[in-house]
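The exercises below are meant to be worked with the sequence and the coordinates open side by side. Each one sets a task and then goes through a solution step by step.

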Amino acid sequence: MSAEDLDVLKKEFAAEVIGTKEFRGEHTITVSLAALYDVLAYCKNSLGYNFLLDISSLDHFGDDPRFEMVYELATVDDKKHLRVKAPVGEEESVKSAVDLWLAADWHEREAYDMMGINFTGHPNMKRILMWEGYPFFPLRKDFPLAGRPSDMPDVAFTGVAPLEGGPFVTSCGTDDVVRREPRARDQK
Amino acid sequence: METTDTNQTFAAYDSKIEGNVIITKVDAAMNWMRKNSMWPMPMGLACCAIEMMAAACSRFDLSRFGMEVMRFSPRQADVMIVSGTVTYKMALAVKRVWDQMPEPKWCIAMGACASSGGMYRSYAVLQGIDRLIPVDVYISGCPPRPEALIEGLLKLQRKIEGTDAVMEQKKELLEDLA
Ligand code: SF4
């Protein structure tokens with residue numbers, strides 16, 4: 001089902017499609033940012049994807065364009081799923097999908113709060129988890145895990161967490177219990 | 001007036017009601033009363049709060065120790081049980097509730113998160129509530145079992161017994177007077 005939708009989308013938006021991918025029955029289409037909103041609208045209005053499961057964003061730090069938006073579309077009867085991606089440069093902003101799916105409201109605010117991606121046409125574009133005035137975007141790759149100090153008197157402050165040599169990560173995929181034990185990356 | 005053993009009268013002492021007289025120190029009496037009716041302020045912020053609720057329920061029954069009166073108004077509470085992850089967004093609210101509690105007041109950091117930030121070594125979590133308010137008892141565990149919370153409260157009772165009822169428990173008042 002979704003595979004046929006990919007063909008339809010490829011025909012409809014020929015020049016704007018960057019690539020498609022199938023992995024274990026999941027279908028993904030990557031389109032240019034300029035066509036993103038039109039593709040989403042087409043998915044909703046013509047292909048029947050009336051349910052927005054999630055919006056997330058990726059930070060490909062060091063690459064250009066740096067960010068990538070990911071939309072997970074589905075139908076209410078759960079018959080088909082489609083993932084729509086679009087690369088977003090650091091200075092670019094994304095057209096909001098709130099007028100297509102109301103569910104996009106908080107998801108887009110989260111993408112803005114955590115990643116610093118701007119949305120145009122959003123009815124209430126402000127932070128959702130951190131407070132207004134927090135100066136960083138904490139899920140960016142160049143933001144340290146331990147955090148950075150900040151202070152807004154009477155609102156909130158943040159500090160740097162002691163990592164004590166961490167983060168401690170496990171090596172998955174090994175059968176050896178000793179090697180699987182979480183440890184700091186450099187003390188192999 | 002002549003009195004005999006069987007017909008004795010006393011001015012201010014009714015032997016029928018006040019059979020036993022106990023002599024003690026004011027400090028000890030006050031501490032005894034305080035420690036046996038500690039009203040907790042349940043600052044339930046995350047998963048640990050579930051265990052705190054369990055501790056108050058019938059299976060573990062905090063009321064055996066006089067601590068079942070969870071007060072959601074800080075002005076009526078004696079001991080704040082910080083149970084859960086204190087995010088920076090919540091931190092000043094916790095501090096504010098603490099500031100609204102009248103003295104004498106105590107604080108229990110329940111669980112790894114409230115004591116030290118726990119597993120959340122991250123930008124969003126205060127690394128221990130003791131960075132904002134003084135903590136009397138730390139309870140380890142993630143989450144601590146209800147028995148551990150009860151043990152912590154009993155530890156706090158021991159602590160109260162050993163402190164001076166005014167000089168050590170009314171510090172803010174003394175500061176205001178000074
Ligand atoms: S110490 Fe563990 S159980 Fe308690 S709030 Fe933290 S993560 Fe949850």
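**Exercise 1.** In which loop of chain B does Asp61(B) lie? Describe the backbone and the exposure of Asp61(B), and then treat Asp154(A) in the same way.

*Solution.* The model is a predicted one, and every value below is computed from it. Asp61(B) belongs to the loop of chain B that runs between helix H2 (48-56) and strand E2 (79-83). Its phi is near 55 degrees, a positive value in a residue other than glycine. Most residues other than glycine have a negative phi. With a relative accessible area of 24%, Asp61(B) falls between the cut-offs of 20% and 50%, and it therefore counts as partly exposed.

Turning to Asp154(A), this residue is placed in the loop between E8 and strand E9 (156-158) of chain A, and its phi, near 70 degrees, is positive as well. The relative accessible area of Asp154(A) is 78%, so this residue is classed as exposed.

**Exercise 2.** Locate the cis peptide bonds that join Asp64(A) to Pro65(A) and Cys142(B) to Pro143(B), and relate the second of them to the surroundings of the ligand.

*Solution.* Begin with chain A, where the bond between Asp64(A) and Pro65(A) is cis with omega at about -5 degrees; Pro65(A) sits in the loop between strand E3 (51-59) and strand E4 (67-74). In chain B, the bond between Cys142(B) and Pro143(B) is cis with omega at about -10 degrees, and Pro143(B) is found in the loop between strand E4 (137-139) and H5.

Next, inspect the shell around the ligand, which includes both Cys142(B) and Pro143(B), with Cys47(B), Cys48(B) and Cys113(B) also among its members. Sorted by character, the residues of this shell are 8 nonpolar and 3 polar, with no charged residue.

**Exercise 3.** How many aromatic pairs are there over all chains? Analyse the pair of Tyr112(A) and Phe137(A) and that of Phe136(A) and Phe143(A).

*Solution.* The count comes to 7 aromatic pairs over all chains. One of them joins Tyr112(A) and Phe137(A), with 6.0 Å from centre to centre and 65 degrees between the planes, an edge-to-face arrangement. Because Tyr112(A) lies in helix H3 (residues 104-115) and Phe137(A) in the loop between strand E7 (118-120) and strand E8 (150-152) of chain A, this pair ties together parts that are 25 residues apart in sequence. Tyr112(A) counts as buried at 17% relative accessibility, whereas Phe137(A), at 21%, counts as partly exposed.

For Phe136(A) and Phe143(A), the ring centres are 5.7 Å apart and the planes meet at 50 degrees, so the pair is tilted. Both of these residues are buried. They also belong to a cluster linked by ring pairs, together with Trp131(A), Tyr134(A) and Tyr123(B). As a last step, note that Arg148(A) lies over the face of Phe136(A), at 5.6 Å from the ring centre.

**Exercise 4.** What is the volume of the largest pocket, and which residues lie closest to its centre?

*Solution.* The largest pocket holds about 370 Å³ of space. It is lined by 16 residues, of which Lys105(B), Pro134(B), Asp136(B), Glu168(B) and Lys171(B) are the closest to its centre. By character, the lining consists of 9 charged, 5 nonpolar and 2 polar residues. Helix H6 (residues 171-177) of chain B gives the most to this lining, with 3 residues.

Terms used:
Residues are numbered from 1 along each chain as its sequence is written. Chains are lettered from A and ligands numbered from 1 in the order in which they are written. This is a predicted model: local features need pLDDT of at least 70, side-chain atom pairs count only at pLDDT 80 or more; totals for chains, interfaces and linings use all residues. Side-chain values use heavy atoms; hydrogens and water are left out. A residue is near a molecule or strand if one of its heavy atoms lies within 4 Å of it. Ala, Val, Leu, Ile, Met, Phe, Trp, Tyr, Cys and Pro count as nonpolar, Asp, Glu, Lys and Arg as charged, and the others, Gly among them, as polar. Rings of Phe, Tyr and Trp (its six-membered ring) pair if their centres lie within 6.5 Å; planes under 30 degrees apart count as stacked, over 60 as edge-to-face and the rest as tilted. Helices (H or I, at least four residues) and strands (E, at least two) are DSSP runs, numbered from the N terminus. Buried means under 20% relative accessible area, exposed over 50%, partly exposed in between (1.4 Å probe, protein chains only). A charge sits over a ring if NZ of Lys or CZ of Arg is within 6 Å of the ring centre and within 35 degrees of the ring normal. On a 1 Å grid over the protein atoms alone, a cavity is a set of points where a 1.4 Å probe fits but cannot get out, and a pocket is an open set with protein on both sides within 12 Å along at least five of seven lines; lining residues have an atom within 4 Å of a point. Grid points are joined across faces, edges and corners, and a volume is the space filled by probe spheres set on the points.
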